[in-house]
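Biologist: I am new to this structure. Please show me how to read it, one feature at a time.

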Amino acid sequence: MEKMKEFRGIKEHLGVFREAVNDADRIGFAGVPGVCTPFAKLFAYASRDKNNIFIPNTDFERARTLELTDYGVELGEMESEKVDVLVLLGGLSMPGIGSDIEDVKRLADEALVEGGMLMGICYMDMFARAGWYDLLDFDCVINADIEGFVLRR
């Protein structure tokens, strides 16, 4: 994979995602419930003019809509229609909480329309660490590093 763009901060992070999915109508976010759900909601907010769903782990049949409400983006009704873009969230590749790579491949076959985009969104280069660049045919990966500090009185 070749680095195409660099970004800084949340606004640009959401912007590069929005740009990457611009032509899509339906986006599916697959991730570990609890860990990945807030990230799916955040990126669904950035693509709120699209039809977005959250797929728990790799269980396409249990997918639920991501709906914009007065409280932000929330999980809605069950819906498992094929998507133009399948976004694999980094938690899927994390040891101990993630999913088996064969289940992830099966999900891509099951959930993506023909010619659809397989995208990854991760932090701290989780897909590279898990060896997934060699195991999946990603069309696009958006990776960010998180740095921080704690202040106390």
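**Reading the core, the cysteines and the pocket**

Modeller: This is a predicted model. Start with the core. In soluble globular proteins, nonpolar side chains tend to be buried together. Here the largest nonpolar core has 47 residues, and Phe17, Phe29, Leu86, Val87, Leu88 and Trp132 touch the most other members.

Biologist: Leaving aside neighbours within four places in sequence, which residues is Leu86 in contact with?

Modeller: Leu86 is in contact with Gly28, Ala30, Ile55, Leu107, Ala108, Leu112, Met117, Leu118 and Met119.

Biologist: How many disulfides does the structure hold?

Modeller: Zero. A disulfide needs two cysteine sulfur atoms within 2.5 Å. Take Cys36, which counts as buried at 3% relative accessibility. The closest cysteine sulfur to that of Cys36 is in Cys122, 11 Å away, so the two are too far apart for a bond.

Biologist: Why does Cys140 not bond with Cys122?

Modeller: Because of distance: the sulfur of Cys140 is 11 Å from that of Cys122, its closest cysteine sulfur, and that is too far.

Biologist: Now the empty space. What is the volume of the largest pocket?

Modeller: Rolling a probe the size of a water molecule over the atoms shows where empty space is left. The largest pocket here has a volume of about 990 Å³. Its lining has 26 residues, and the closest to the centre are Lys5, Glu6, Phe7, Asn143 and Ala144. Helix H1 (9-20) and strand E7 (140-144) are the elements that give two or more residues to this lining. H1 gives the largest share, six residues.

Biologist: How do the lining residues of the largest pocket divide into nonpolar, polar and charged?

Modeller: The lining has 13 nonpolar, three polar and 10 charged residues.

Key:
Residues are numbered from 1 along each chain as its sequence is written. This is a predicted model: local features need pLDDT of at least 70, side-chain atom pairs count only at pLDDT 80 or more; totals for chains, interfaces and linings use all residues. Side-chain values use heavy atoms; hydrogens and water are left out. A nonpolar core is a set of buried Ala, Val, Leu, Ile, Met, Phe, Trp, Tyr and Cys residues joined through side-chain atoms within 4.5 Å. Buried means under 20% relative accessible area, exposed over 50%, partly exposed in between (1.4 Å probe, protein chains only). Contact means heavy atoms within 4.5 Å. On a 1 Å grid over the protein atoms alone, a cavity is a set of points where a 1.4 Å probe fits but cannot get out, and a pocket is an open set with protein on both sides within 12 Å along at least five of seven lines; lining residues have an atom within 4 Å of a point. Grid points are joined across faces, edges and corners, and a volume is the space filled by probe spheres set on the points. Helices (H or I, at least four residues) and strands (E, at least two) are DSSP runs, numbered from the N terminus. Ala, Val, Leu, Ile, Met, Phe, Trp, Tyr, Cys and Pro count as nonpolar, Asp, Glu, Lys and Arg as charged, and the others, Gly among them, as polar.
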